[in-house]
Amino acid sequence: VTGNPWRTWEALQMVGADKEIPPSVGREFDIILPNRPDYEKRVNLSLDFAVILKDLNPELNILVTTGRQKYCGVKSKWIYMYAHTLAKKGIIDLREGLSKVEYYTLLSKSKVMLSNTVEETFGYCVIEACTFNCNPITPNKLSHPELLEGDTDLMYNELDEVVDKILARLEKPKRVYPYALKYNDSIKRMIRVMERE
């Protein structure tokens, strides 16, 4: 197992940072929901949690992002309608058509990233969040236990745990940047494997 290619310093340089992003204290956005709006990413659940969290604390700034021109999946146009309804009500701040630099800038200004995906082969959203010291909250399955080195503060087993995990990380963020660093050498590891074969 080599891990997928990643370069933390390149991502940091895209937002004008030369070294590790500081802890997520005093950031503009409390929660970011960056998963692509396709059914297997279960963004409908993430949006449901946005509604619950905003009801618990109306002061929370909850950001929903996509690089697509519209927040819409191939077979999930209703997600577009749901997200735009929540944006009109002021529950979320919806940003569509983002460039990678724009997305990374917003990620660097966010405290917690939520993912409810049921399909994850590597987890670039998680690694990107860690690079910017944005605490990911993910299911305790798929590639997440490996990416997050079994950190149970960042993973949930049941949906009933999600709100508490998010609130805990908002109150006391963790330094998650090191979880991304191990993938800086993935290409070197791949080359070593290929050279042996």
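1. E149 counts as exposed, at 51% relative accessibility. The cut-off for that label is over 50%, so E149 earns it on its value of 51%. The residue lies in the loop between α6 (144–147) and β6 (155–156). Its phi is positive, about 50 degrees, although E149 is not a glycine. This is a predicted model, and that applies to every value in this note.

2. R42 also has a positive phi in a residue other than glycine, here near 50 degrees. Most residues other than glycine have a negative phi. The position of R42 is the loop between β1 (29–33) and α2 (43–56). Is R42 buried, partly exposed or exposed? R42 is partly exposed, because its relative accessible area is 22% and the partly exposed class runs between 20% and 50%. Please inspect the backbone at R42 and at E149 in the viewer.

3. Now the chain as a whole. The protein chain carries nine helices and six strands. Its radius of gyration is 17 Å. A compact globule of 197 residues would have a value near 16 Å, so the two agree. Taken along the principal axes, the C-alpha atoms fill a box of roughly 55 × 35 × 35 Å.

4. Burial and contacts come next. Of the 197 residues in the protein chain, 48% are buried. Among contacts with a separation of 6 or more, 72% join residues 24 or more positions apart.

5. Surface and charge. The protein chain has an accessible surface of about 10100 Å². Carbon and sulfur atoms hold 52% of that surface. Positive side chains number 28, and negative side chains number 28. The centres of the two sets lie 3 Å apart.

6. W6 sits in the segment before α1 (8–14). It is buried, because its relative accessibility is 11% and the limit is under 20%. Which residues does W6 touch, leaving aside neighbours within four places in sequence? The contacts are A11, Y104, Y124, I127, E128, T131, A180, Y183 and N184. With T131 there is also a polar contact, side chain to side chain, at 3.1 Å. S76 is another matter: W6 and S76 are 70 residues apart in sequence and 30 Å apart in space, C-alpha to C-alpha.

7. P34 is in the loop between β1 and α2, and R42 lies in the loop between these elements too. P34 is buried, with a relative accessible area of 9%. R42 is partly exposed at 22%. Leaving aside neighbours within four places in sequence, P34 is in contact with T65, Y103, M113, L114 and C125. The C-alpha atoms of P34 and I79 are 14 Å apart, with their positions 45 residues apart in sequence.

8. I92 is placed in the loop between α3 (77–88) and β3. A relative accessibility of 6% makes I92 buried. Beyond neighbours within four places in sequence, the contacts of I92 are L47, A50, I62, V64, A83, L86 and A87. Two of the elements named above can be matched to this list: A50 falls in α2 (43–56), and A83 falls in α3 (77–88). How far apart in space are I92 and N61, C-alpha to C-alpha? The distance is 7.1 Å, and the pair is 31 residues apart in sequence.

9. S99 lies in the loop between β3 (93–95) and α4 (100–107). S99 counts as partly exposed, at 32% relative accessibility. Its C-alpha is separated by 6.1 Å from that of G67, which is 32 residues away along the chain.

10. N133 lies in the loop between α5 (124–131) and β5 (135–139). Is N133 buried or exposed? It is buried, because its relative accessible area is 0%. A polar atom of the N133 side chain lies 3.0 Å from the backbone nitrogen of Y177. T131, the polar partner of the W6 side chain, belongs to α5 (124–131).

Methods
Residues numbered from 1 in each chain as written. Predicted model: local features only at pLDDT ≥ 70, side-chain atom pairs only at ≥ 80, totals over all residues. Heavy atoms only, no water. Helix = DSSP H or I, 4+ residues; strand = E, 2+ residues; numbered from the N terminus. Rg over C-alpha atoms; globule rule 2.2 N^0.38 Å. Buried < 20%, exposed > 50% of the residue type's maximum accessible area, 1.4 Å probe, protein only. Contact = heavy atoms within 4.5 Å. Areas by Shrake-Rupley, 256 points an atom, 1.4 Å probe, with all protein chains shown as cover. Lys, Arg positive; Asp, Glu negative; His and termini not counted. Charge placed at Lys NZ, Arg CZ, Asp CG, Glu CD. Polar contact = N/O pair within 3.5 Å; in protein donor to acceptor, adjacent residues only side chain to side chain.
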